[in-house]
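Me: I've got this structure open and would like to go through it bit by bit. Please take my questions one at a time.

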Amino acid sequence: MGDVLRFVDVDVVRGGTPILDRLSWDVEVGERWVVLGGNGAGKTTLLAIASTLIHPTRGTVEILGERLGRTDVFELRPRIGLASAALAQRIPDDEIVSDVVVTAAYAVTGRWREDYDASDHARAQHLLEQLGVGHLASRRFGTLSEGERKRVQVARALMPDPELLLLDEPAAGLDLGAREDLVRRLGTIASDLAAASTVLVTHHVEEIPVGFTHALLLKRGRAVAAGPLEHVLTGPVLSETFGLPLSVSREGNRWAARAI
């Protein structure tokens with residue numbers, strides 16, 4: 001297996017403040033990673049680099065075999081599926097849901113003059129149905145609930161059949177039912193051996209879908225631990241990451257954490 005994502009001694013500094021601090025990390029083909037950490041840990045910045053939206057201040061980043069800074073990111077982005085709050089803000093409220101998804105084939109937001117064939121539209125509809133929102137294809141994006149928007153964003157991220165799938169807090173702000181429905185659907189996708197290598201950012205171990213294999217835990221821009229879930233999702237490691245004594249439990253393939 002080869003690296004899908006490789007960070008070597010990566011720093012991101014903003015206004016003299018380190019956001020990521022000498023971070024080294026590898027994601028290999030077929031792995032599904034969850035990135036955990038508190039507010040300000042650097043999770044979203046990490047994903048912004050992985051999606052080619054920003055460059056590190058120092059260090060080396062390789063994405064799908066291409067060195068960031070030495071490759072055309074506009075050619076690289078269609079190989080990456082991204083769902084994030086920042087991306088959602090760029091989607092016009094009056095955009096038809098089916099167009100929100102199909103435009104990901106060109107890595108753009110907002111339908112303009114691109115040409116899409118019947119197979120593109122059929123794939124977009126299939127993905128919407130896979131995420132449980134096929135009936136919303138003709139609705140305007142701005143009329144959807146938060147849970148519906150999240151699922152449309154994941155469908156959009158899957159549209160280009162990406163080699164790398166990046167999900168930034170996909171369950172944030174959802175009620176319990178909507179969260180569990182989305183986590184279940186993400187678990188189904190992750191459990192497909194042919195699915196893209198995936199990185200999912202979250203604050204909560206309860207939001208880790210079935211089928212995820214590895215975890216990276218961040219604190220103030222540094223890696224506390226990285227490796228297979230069963231090795232790093234422990235009480236001591238989570239306690240260090242979040243600065244609070246925590247216990248961790250596992251029921252089947254789902255995780256939970258509680259303060260001691």
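Me: In β5, which residue is the bridge partner of I63?

Reply: Quick heads-up: this is a predicted model, where local features need pLDDT of at least 70, side-chain atom pairs count only at pLDDT 80 or more, and totals for chains, interfaces and linings use all residues. Residues are numbered from 1 along each chain as its sequence is written, and side-chain values use heavy atoms, leaving out hydrogens and water. Strand β4 (residues 58-63) runs antiparallel to β5, joined over 2 bridges, and DSSP has to find at least two bridges before two strands count as paired. In β5, I63 has as its bridge partner E66.

Me: Which are the edge strands of the open sheet of 4 strands?

Reply: Strands of a sheet pair through backbone hydrogen bonds, either parallel or antiparallel. Here the pairing is antiparallel, and the order reads β2-β1-β4-β5. An edge strand pairs on one side only, and that fits β2 (17-28) and β5 (66-67).

Me: And which strands of this sheet does helix α1 touch?

Reply: Helix α1 covers residues 43-50 and packs on the sheet, with a direction about 125° from that of β1. Helices (H or I, at least four residues) and strands (E, at least two) are DSSP runs, numbered from the N terminus. Such angles run from 0 to 180 degrees between N-to-C directions, with axes fitted to C-alpha atoms, for helices over the stretch in contact, and contact means heavy atoms within 4.5 Å. By that rule, α1 touches β1 (3-14), β2 and β4.

Me: How many of the 8 residues of α1 are buried?

Reply: Buried means under 20% relative accessible area, exposed is over 50%, and partly exposed lies in between (1.4 Å probe, protein chains only). In α1, K43, T45, L46, L47, A48, I49 and A50 are buried. The helix is largely enclosed by the rest of the structure, because the number of its residues that are buried is 7.

Me: How far apart are the end C-alpha atoms of α5?

Reply: Helix α5 has 13 residues (118-130), and at 1.5 Å a residue they should span 18 Å. That expected span is 1.5 Å times one less than the number of residues. The model agrees, as the end C-alpha atoms are separated by 18 Å.

Me: Do the buried residues of α5 line one face or fall within a wider arc, and what is the arc?

Reply: The arc is that of the directions from the helix axis to the C-beta atoms. A124, L127 and L128 are buried in α5. They line one face of the helix, because seen down its axis they fall within an arc of 100°.

Me: Which helices do those buried residues pack against?

Reply: We've met the residues already: A124, L127 and L128. Their packing partners are α4 (97-102) and α6 (146-158).

Me: Which helix gives the most to the largest nonpolar core?

Reply: A nonpolar core is a set of buried Ala, Val, Leu, Ile, Met, Phe, Trp, Tyr and Cys residues joined through side-chain atoms within 4.5 Å. The largest has 49 residues, and V152, I208 and L233 touch the most other members. With 5 residues, the top contributor is α6.

Me: In which loop is G132 found?

Reply: G132 comes just after α5 and takes a positive phi of about 80°. Leaving out residues up to four places away in sequence, G132 touches R151 and R185. Its home is the loop between α5 and α6.

Me: Is G132 buried or partly exposed, and with what relative accessible area?

Reply: Remember that buried means under 20%. G132 is partly exposed, because its relative accessible area is 25%.

Me: Which residue stands opposite L36 in β8?

Reply: β3 and β8 pair in the parallel sense over 5 bridges. On β3 both faces are covered, with R32, V34 and L36 buried on one side and W33 and V35 on the other. Opposite L36, in β8, stands T202.

Me: Which are the edge strands of the open sheet of 6 strands?

Reply: Its order is β6-β7-β8-β3-β9-β10, and the pairing is mixed. Pairing on one side only are β6 and β10 (222-228).
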